Amino acid sequence: MKIIHISDLHIDSAVHADDGREIDRLNALVKEIIRANYPKGTVVVITGDLTNNGMHLHNTKEKNPVYEKVQELKNAGFEVLVIPGNHDYGNGIHPMPNKNKLGQAFKEIFYNDKNATYPRIDTFENTVFIGVDTVLACGILETLSMGKVGKDQINSVKNALNNAKQSNKKTVVYLHYNPFKCKYSLKLNDRDDFINAINGKTDLLLFGHIHVGDTGLNANCNNLIPRAYNAGSSTDTDNKDDWQPSYRVIDLDESASNDRLINFSDIAAIAGQCVAEFAQ
Ligand SMILES: [Zn+2]
Ligand SMILES: [Zn+2]
């Protein structure tokens, strides 16, 4: 089964995150993914920050371009899994007064269930996908853009991984925050506990949040997580001159050396004429 990983779309209906062309790039990205003719049932995983400010976008499904694009992918035969990032709960900075309300709206829009719980557990073919929220557990003292998994969720992730192992299934854990080393204000507060819970027990770890992109295999996990990928940002340039829109394709039935980051040129993407090319 193929898995496509994208992240940090930062779509905003009111204020643009960067240069205002994130929505053009999202349109081009989805068009490109559909055009590329992946097998039916390919799973698209979006690791958070679907919007730049949840207060502007995550009120309803109506006129919500991210919801529309998710539906477009589903209609084209993809399974689509999303998990919120810090920006889906407000402006991205803690403490966020509307956090719980926006969290519920996000669940209503993307899971069709305002009382859905985390971690999200979905099974497709022989693979269990475990989606971890990294914002709701943050307390008032965890300031700036820090994330947290929380003890309850860590225990649920451990159980889900054990259950999957007992039924001989592969596992994918996906979350917004980078659980490895990164800047203080952007870190996952309980990353050591989280990594201890999943190390050696999952086949694939996917995350975003840090917009630099294509780092691939992360060396900090003692090689006990065979594949750990940072998606960077699929649509937000962060004013980097060398940024390119991209998405990663992974196949757990094949060797990790076949995983690919697919770039397509920024100008072509905006014009909607994407020419995909393989890149390491
Ligand atoms: Zn982001
Ligand atoms: Zn983020």
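**Exercise 1. Find the bridge partner of Phe207 in strand S8.**

In strand S8, Phe207 has Asn230 as its bridge partner. Helices (H or I, at least four residues) and strands (E, at least two) are DSSP runs, numbered from the N terminus. Before going on, note that this is a predicted model, in which local features need pLDDT of at least 70, side-chain atom pairs count only at pLDDT 80 or more, and totals for chains, interfaces and linings use all residues. Residues are numbered from 1 along each chain as its sequence is written, while chains are lettered from A and ligands numbered from 1 in the order in which they are written.

**Exercise 2. Follow strand S7 to its partners and say whether its faces are covered or not.**

Step 1: S7 and S8 pair in the parallel sense, over three bridges. Two strands pair if DSSP finds at least two bridges between them.

Step 2: On to strand S6 (residues 170-175), which pairs with S7 (residues 204-207) over three bridges, again in the parallel sense. Val173 has Leu205 in S7 as its bridge partner, and Val172 stands opposite Leu204.

Step 3: Leu204 and Leu206 on one side of S7, and Leu205 and Phe207 on the other, are all buried, so both faces are covered. Here, buried means that 20 or more other C-beta atoms lie within 10 Å of a residue's own, exposed means 12 or fewer, and partly exposed is in between, with C-beta atoms placed from the backbone.

**Exercise 3. Place these strands in their sheet and find its edges.**

Step 1: The sheet is open, with five strands in the order S4-S5-S6-S7-S8 and mixed pairing.

Step 2: Strands S4 (120-124) and S8 (228-230) each have a single partner strand, so they stand at the edges with one side left without a neighbour in the sheet.

Step 3: From one strand to the next, the twist averages 15°. Helix H5 (residues 151-166) packs on the sheet and touches S4, strand S5 (127-132) and S6. The direction of H5 makes about 175° with that of S5. Axes are lines fitted to C-alpha atoms, for helices over the stretch in contact, and angles run from 0 to 180 degrees between N-to-C directions.

**Exercise 4. Decide whether Asn162 is buried or exposed.**

Step 1: Look for Asn162 in helix H5.

Step 2: Asn162 has 11 C-beta neighbours inside 10 Å, so it counts as exposed.

Step 3: Lys201 is 39 residues away from Asn162 along the chain, yet their C-alpha atoms are separated by 8.1 Å.

**Exercise 5. Describe how helix H3 sits against its surroundings.**

Step 1: The axes of helix H1 (residues 22-35) and H3 (residues 65-75) come within 10 Å and cross at roughly 5°. That makes H1 roughly parallel to H3, because angles under 35 degrees count as roughly parallel, over 145 as roughly antiparallel, 65 to 115 as roughly perpendicular and the rest as oblique.

Step 2: H1 contributes Ile23, Leu26, Val30 and Ile33 to the contact, and H3 contributes Pro65, Lys69, Glu72 and Leu73. Two residues are in contact if their C-beta atoms, placed from the backbone, lie within 7 Å.

Step 3: The buried residues of H3 are Val66, Lys69 and Val70. Seen down the axis of H3, they fall within an arc of 100°, so they line one face of the helix. The arc is that of the directions from the helix axis to the C-beta atoms.

Step 4: Covering these buried residues are, among others, H1, helix H2 (54-57), strand S3 (79-82) and helix H4 (99-111).
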